[in-house]
Amino acid sequence: MRRKPVMARLSSLFLIFFLGLVSKSFGLSVSKHSSKLHAPFFIFGDSIFDAGNNNYISTTTLDQANFWPYGETYFKFPTGRFSDGRLISDFIAEYAKLPPIPPFLKPGYANFYHGVNFASGGAGALVETYQGSVIPLNTQIRNFKKVVTWYRHKLVYYEAKMTLSRAVYMFSIGANDYISPFVTNSGVLKSYSAPDYVGMVLGNLTITLKEIYKIGGRKFAFINLPPLGCLPAIRVIGNGSCFEEVSSLVKLHNQALPKLLLKLDKQLKGFKYSLYDFHSSLSQRINHPSKYGFKEGKTACCGTGPYRGVYSCGGKRIVKEFELCDKPNAYVFWDSYHPTENANKQIAAQMWNRTKRSRSHIFGPYNLKELFQE
């Protein structure tokens, strides 16, 4: 077998070395973390998405779900998720072929290649919402910036930038800003008109989105507000009917949100988004449960009182007595505020793969599958 001349072999080695340098310089290195070019998943918001961050903060059980029977359907133990099992965000990660996205505050966890969950039960866009008991949106963004620094340390600059631009950033925020004044007897709504208050909530969301965009984020996913006035806990305030004062704020918010996103779409080059009509989707399941395979749409599986709307699930909160249904998957609501895993799964499936012909619950130009694959 003939051997290559020494100079030829040296030239080949130099070429390989040179190409390696070029690849690294332009973020094209094929590392074990980046070779698949997956889109990381960053999750922000409230208890609809909180995967356990509130387990690790100083708060009360009103803002925690790390006790039985939470988690009983899927995990068989409480994880801190405000449901009997998986959340919408868990299913989206599964559809995107990602591992479960960990809560940012999980001790000892420092691998963020696939994304992070920053959501906090009880959080709002306004700092004043349950202040001191939750992780508000502006703090969630500060935590995200720490992860950005981690990316830039672990990857070369250009590769970190491209990874952050591939990522999908998903939000569920605003519900607590509108519920908290009624459950805490706050007088904040006496100081602002309803449109001004909604403007404050969406104004803070806008600041957040522009911060992420400036860092490199381009793909965003949103759910609008569910029918908050018709949640089991709020029905109690409304004496069995949907509570109109909350519902009117939700209506204003949900009318303004798509206009805001359309405006950002025009202002910010490369801004892509999906907006899911959570309100209509959940309303249909509340009012027509059997159509979607549920037995009960208005009463929660876990709680006490009318509609099991007293927030006592687990017996660790103010009221200790609670009832627990036998089949959570037959209910739209798990506890007084939050959907069951079954409801979450149905909603996530629509968010992920709604076709253009049947996008009755998709406002934005993309569904989640398209955002992850874009």
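A crossing of two helices is called right-handed if the near helix is turned clockwise from the far one by less than a right angle, and left-handed if the turn is anticlockwise. The legends below use this term for a predicted model.

**Figure 1. Overview of the predicted model, with its helices and strands.** The protein has twelve helices and seven strands. Of its 374 residues, 54% count as buried. Among contacts between residues at least 6 apart in sequence, 71% join residues at least 24 apart. The close-ups that follow show pairs of helices and some of their residues.

**Figure 2. Helix α3 against helix α4.** Helix α3 covers residues 137-154 and helix α4 covers residues 157-166. The two pack at an angle of about 135 degrees, and their axes are 7 Å apart. Angles from 115 up to 145 degrees fall outside the parallel, antiparallel and perpendicular ranges, and α3 and α4 are therefore oblique to each other. The crossing in which α3 passes α4 is right-handed. On the α3 side the contact is made by Val-148, Tyr-151 and Arg-152. On the α4 side it is made by Tyr-157, Ala-160, Thr-163 and Leu-164. By class, the residues of this contact are five nonpolar, one polar and one charged.

**Figure 3. Helix α7 against helix α9.** Helix α7 runs over residues 194-215, and helix α9 over residues 244-267. Their axes come within 10 Å and cross at roughly 35 degrees. α7 passes α9 in a right-handed crossing. From α7, the contact takes in Ala-194, Pro-195, Val-198, Val-201, Leu-202, Leu-205, Thr-206, Leu-209 and Lys-210. From α9, it takes in Leu-249, Leu-252, His-253, Ala-256, Leu-257, Leu-260, Leu-261, Leu-264 and Gln-267. The contact of α7 with α9 has 14 nonpolar residues, three polar and one charged.

**Figure 4. Helix α9 along its length.** α9 has 24 residues, and its end C-alpha atoms are 35 Å apart. This agrees with the 34 Å that the helix should span at 1.5 Å a residue. Its buried residues are Val-246, Leu-249, Val-250, His-253, Asn-254, Leu-257, Leu-260, Leu-261 and Leu-264. An α-helix has 3.6 residues a turn, so residues three or four places apart point the same way.

**Figure 5. Surroundings of Val-201 in helix α7.** Val-201 has a relative accessibility of 1%, and therefore counts as buried, the cut-off being under 20%. Leaving aside neighbours within four places in sequence, Val-201 is in contact with Ala-125, Leu-126, Gly-174, Asp-177, Tyr-178 and His-253. One of these, Leu-126, lies 75 residues from Val-201 along the chain, yet their C-alpha atoms are separated by 6.2 Å. Another, His-253, is one of the α9 residues in the contact of α7 with α9.

**Figure 6. Helix α11 and what covers it.** Helix α11, residues 341-353, has 13 residues. From first C-alpha to last it reaches 18 Å, close to the 18 Å expected at 1.5 Å a residue. Glu-341, Ala-343, Asn-344, Gln-346, Ile-347, Ala-348, Gln-350, Met-351 and Trp-352 are buried in this helix. The cover over these buried residues includes the helices α2 (88-95), α10 (278-287) and α12 (368-373). It also includes the strands β3 (168-172), β4 (219-223) and β5 (272-276).

**Figure 7. Helix α2 against helix α11.** The axes of α2 and α11 come within 8 Å and cross at roughly 45 degrees. That angle makes α2 oblique to α11. The crossing of α2 past α11 is right-handed. Ile-88, Phe-91, Ile-92 and Tyr-95 in α2 meet Glu-341, Asn-344, Lys-345, Ile-347, Ala-348, Ala-349, Met-351 and Trp-352 in α11. These residues divide into nine nonpolar, one polar and two charged.

**Figure 8. Surroundings of Asn-344 in helix α11.** Asn-344 counts as buried because its relative accessibility is 2%. Apart from neighbours within four places in sequence, Asn-344 is in contact with Ser-83, Arg-86, Leu-87, Ile-88, Phe-91 and Pro-339. Ile-88 and Phe-91 belong to α2. The C-alpha atoms of Asn-344 and Leu-282 are separated by 9.8 Å, with the two residues 62 apart along the chain.

**Figure 9. Helix α10 and its packing.** In α10, the buried residues are Phe-278, Ser-281, Leu-282, Ser-283, Arg-285 and Ile-286. They pack against α2, β4, α8 (232-237), β5 and α11.

How values were computed:
Residues are numbered from 1 along each chain as its sequence is written. This is a predicted model: local features need pLDDT of at least 70, side-chain atom pairs count only at pLDDT 80 or more; totals for chains, interfaces and linings use all residues. Side-chain values use heavy atoms; hydrogens and water are left out. Helices (H or I, at least four residues) and strands (E, at least two) are DSSP runs, numbered from the N terminus. The expected span of a helix is 1.5 Å times one less than its number of residues. Buried means under 20% relative accessible area, exposed over 50%, partly exposed in between (1.4 Å probe, protein chains only). Contact means heavy atoms within 4.5 Å. Axes are lines fitted to C-alpha atoms, for helices over the stretch in contact, and angles run from 0 to 180 degrees between N-to-C directions. Angles under 35 degrees count as roughly parallel, over 145 as roughly antiparallel, 65 to 115 as roughly perpendicular and the rest as oblique. Ala, Val, Leu, Ile, Met, Phe, Trp, Tyr, Cys and Pro count as nonpolar, Asp, Glu, Lys and Arg as charged, and the others, Gly among them, as polar.
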